[in-house]
Amino acid sequence: MKTLVIYYSRKGENYVGGSIKNIDKGNTEIIAEYIRDAVGADLFEVDTVKPYDKAYMTCIEEAKAELHQNARPELKEYLDDISAYDNIVVAGPCWWGTYPMAIFSQLDKLDFTDKKLFPVMTHEGSGLAGSARDLKKYCSDVGEGLAVQGGSCAGARSTVEKWAKKNLA
Ligand SMILES: Cc1cc2nc3c(=O)[nH]c(=O)nc-3n(C[C@H](O)[C@H](O)[C@H](O)COP(=O)(O)O)c2cc1C
């Protein structure tokens, strides 16, 4: 089984365990790399042409506006061929109850016929939130999800490995 992880992860100011901190590597990126290490997955990072604001509180408002508009922000690069993969993990932070709209900018471009999708979400309390529901709009075959609380990501290697080996190998 060959796995691709499509992920978005924001660097800069983030809310970690109750306070706002500056981070070099986003929480979801840590998890994406653990999945890669566990099952030899390929990674594709979704990145927007117009960056979200570095300031956490401004980003919160930008994300809310995008959600309400069901926006599809332009990406720096789009993946257009996933024919080599069986499993597609879609990993991202929970933003207002679902993935950042940038993830959907990418998913809209792909054909998931005969693929299996897996939701992975990092969060500060919402768990998997609406991730599985929203992936079902793209593919009927959605597997077991994995939710990791943001501040616990660095220490979650073995949890991620267990989930990855069970579901993706
Ligand atoms: C714009 C924005 C909206 C967020 N909304 C939620 C939310 O609705 N529920 C939640 O549990 N966490 C929410 N968070 C917290 C993030 O999901 C959490 O910090 C996540 O681990 C960040 O991942 P990243 O570093 O990969 O971007 C939000 C964070 C941001 C920046």
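**Exercise 1. The ligand shell**

Determine which residues of this predicted model come nearest to the ligand, and which elements contribute to the shell around the ligand.

*Solution.* Step 1: the ligand has 22 residues around it, and G26, T28, P93, S126 and G150 come nearest. Step 2: two or more residues of the shell are given by each of β2 (12–16), α1 (27–39), α2 (56–69) and β6 (116–123). Step 3: α2 provides the largest share, four residues. Step 4: by residue character, the shell around the ligand comprises eleven polar, nine nonpolar and two charged residues.

**Exercise 2. The sheet**

Establish the strand order of the open sheet and identify the edge strands.

*Solution.* Step 1: the five strands follow the order β4-β1-β5-β6-β7, and their pairing is parallel. Step 2: β4 (42–45) and β7 (146–149) each pair on one side only, and these are the edge strands. Step 3: from one strand to the next, the twist averages 20 degrees. Step 4: at the β4 edge, strand β1 (residues 3–7) runs parallel to β4 and is joined to β4 by four bridges. Within this pair, V5 stands opposite L43.

**Exercise 3. V5 and the nonpolar core**

Describe the largest nonpolar core and the surroundings of V5.

*Solution.* Step 1: the core has 40 residues, and V5, I31, I35, V89 and V90 have the most contacts inside it. Step 2: at least two core residues come from each of β1, α1, β5 (87–93), α3 (101–107), β6, β7 and α5 (157–168). Step 3: once neighbours within four places in sequence are set aside, the contacts of V5 are A32, I35, R36, A41, L43, V89 and A91. L43, one of these contacts, is also the residue opposite V5 in β4.

**Exercise 4. Loop residues**

Locate W96, D114 and D111, and decide whether each is buried or exposed, or in between.

*Solution.* Step 1: W96 is found in the loop between β5 and α3. Although W96 is not a glycine, its phi is positive, about 55 degrees. W96 is partly exposed because 16 other C-beta atoms lie within 10 Å, a count between the limits of 12 or fewer for exposed and 20 or more for buried.

Step 2: D114 lies in the loop between α3 and β6. Its phi, near 65 degrees, is likewise a positive value in a residue other than glycine. With 9 other C-beta atoms within 10 Å, D114 is exposed.

Step 3: D111 also has its place in the loop between α3 and β6. D111 is exposed, since 12 other C-beta atoms lie within 10 Å. From D111 to K54 the C-alpha to C-alpha distance is 33 Å, with their positions 57 residues apart in sequence counted as separation.

Notes: Residues numbered from 1 in each chain as written. Predicted model: local features only at pLDDT ≥ 70, side-chain atom pairs only at ≥ 80, totals over all residues. Near = placed C-beta within 6 Å. Nonpolar A, V, L, I, M, F, W, Y, C, P; charged D, E, K, R; others polar. Pairing = 2+ DSSP bridges. Axes fitted to C-alpha atoms, helices over the stretch in contact; angles between N-to-C directions. Core = buried A, V, L, I, M, F, W, Y, C linked by C-beta atoms within 7 Å. Contact = placed C-beta atoms within 7 Å.
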